[in-house]
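Hi,

Here is the structure I promised to pass on. Have a look at it first, then read my notes underneath.

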Number of protein chains: 2
Amino acid sequence: MARASLRENIIEAAVDRFHSHGYAATGVKDITDAAGAPKGSFYNHFESKEALAVVALERYGASRRLDMLTDDSVAPLARVRRHFEFLRDENLEAGFARGCMVGDMAVEVADHSEALRAGVFESFTYWREALAAAILDAQEAGEVSKAQDAATLAAFVLNAWEGTLIATRTDRSAKPFESFFTIVFGVVLR
Amino acid sequence: MARASLRENIIEAAVDRFHSHGYAATGVKDITDAAGAPKGSFYNHFESKEALAVVALERYGASRRLDMLTDDSVAPLARVRRHFEFLRDENLEAGFARGCMVGDMAVEVADHSEALRAGVFESFTYWREALAAAILDAQEAGEVSKAQDAATLAAFVLNAWEGTLIATRTDRSAKPFESFFTIVFGVVLR
């Protein structure tokens, strides 16, 4: 199945290039070159760079380990903490050079491509709902106050995380992660 | 002083285009066209698009009304709230179509241009310090608990704000602002 494998290579190259260089700065030829595919073959697999980006967003989302948020073998608040520790460690390993691909796409193209805006919206919604469910479990378990709605807390924490990734790239330091963990687990989810 | 005015037109056009379309998607010709300037005149005023973007960042920063954070005629916590209300209202007026230009630049180019990364870093640092000073005043006035460091709270709130702007663009809704104000002023700054 040479065709299926070529398509797969193109998707993997797209995730890598969009994540490291951004959407506008990545051309179809950059992607096919990185995938070791002839440029002409691209349109056998994808209608456009935009259509490929929607698939790349899904692929990236699947690597976010949202399953950690629903792992019943771990106490709810610890699940939330370990999930963000996983995301933090991945970022540290990349030397602060990569943010969240979903957030990056939102900034770069959500205003200009309805298909990509919808893809970003779906990714964030799925993540926010998984986070809200874990926070609700933590509230039911008495680990987190019920004074605020779990959905509101989840939306806020997710947004704080996205902003934290912006700061780590700018500062090239892990300090924004420290602020995030200190305030989220010391103040917000109490 | 036709020259000074042309330079000024170019800066204003650059702030507008970078803010609405992003850095990579905006060419020098887009800017000179919007400024009503001949493309050839650009390099009389700026060495590069990158050099212009550094000036545009400063110009944008000056419009963020950081003076609201140091206005002693208003109680410290109310200053912080009004500052973010000002930024929120500006965003609502633009129909969610524009984020924070500093955050956008961070996402798009902080990894690829040291000059722009430094400009973004300076803008965020200046803002974070003004916010930390207002939060410290609020702590001294007994409006906010001293359990957490003002600098850590300020960094966290600023990052939460930047992430909130990502969410408003994606959702095309004011709901992320509601989560921000509910949790920041109901939980974080208490």
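Below are my notes on how the two chains meet.

This is a predicted model, so local features need pLDDT of at least 70, side-chain atom pairs count only at pLDDT 80 or more, and totals for chains, interfaces and linings use all residues. Residues are numbered from 1 along each chain as its sequence is written, with chains lettered from A and ligands numbered from 1 in the order in which they are written.

Symmetry: chain A lands on chain B with an RMSD of 0.0 Å after a rotation of 180 degrees and 0.0 Å of shift along its axis (least squares on the C-alpha atoms of residues with pLDDT of at least 70 in both). The two copies are therefore related as by a two-fold rotation axis. Both use the same surface, as 100% of the contact residues of chain A recur in chain B.

Interface: 40 residues of chain A are in contact with 40 residues of chain B (C-beta atoms, placed from the backbone, within 7 Å). On the chain A side, H6 (101-109), H7 (114-140), H8 (150-171) and H9 (175-188) each give two or more residues (helices are DSSP runs of H or I, at least four residues, numbered from the N terminus). H8(A) has the largest share, with 15 residues.

Helix pair: where do H6(A) and H6(B) touch? Asp104(A), Val107(A) and Glu108(A) meet Asp104(B), Val107(B) and Glu108(B).

Cheers

Key
Two residues are in contact if their C-beta atoms, placed from the backbone, lie within 7 Å.
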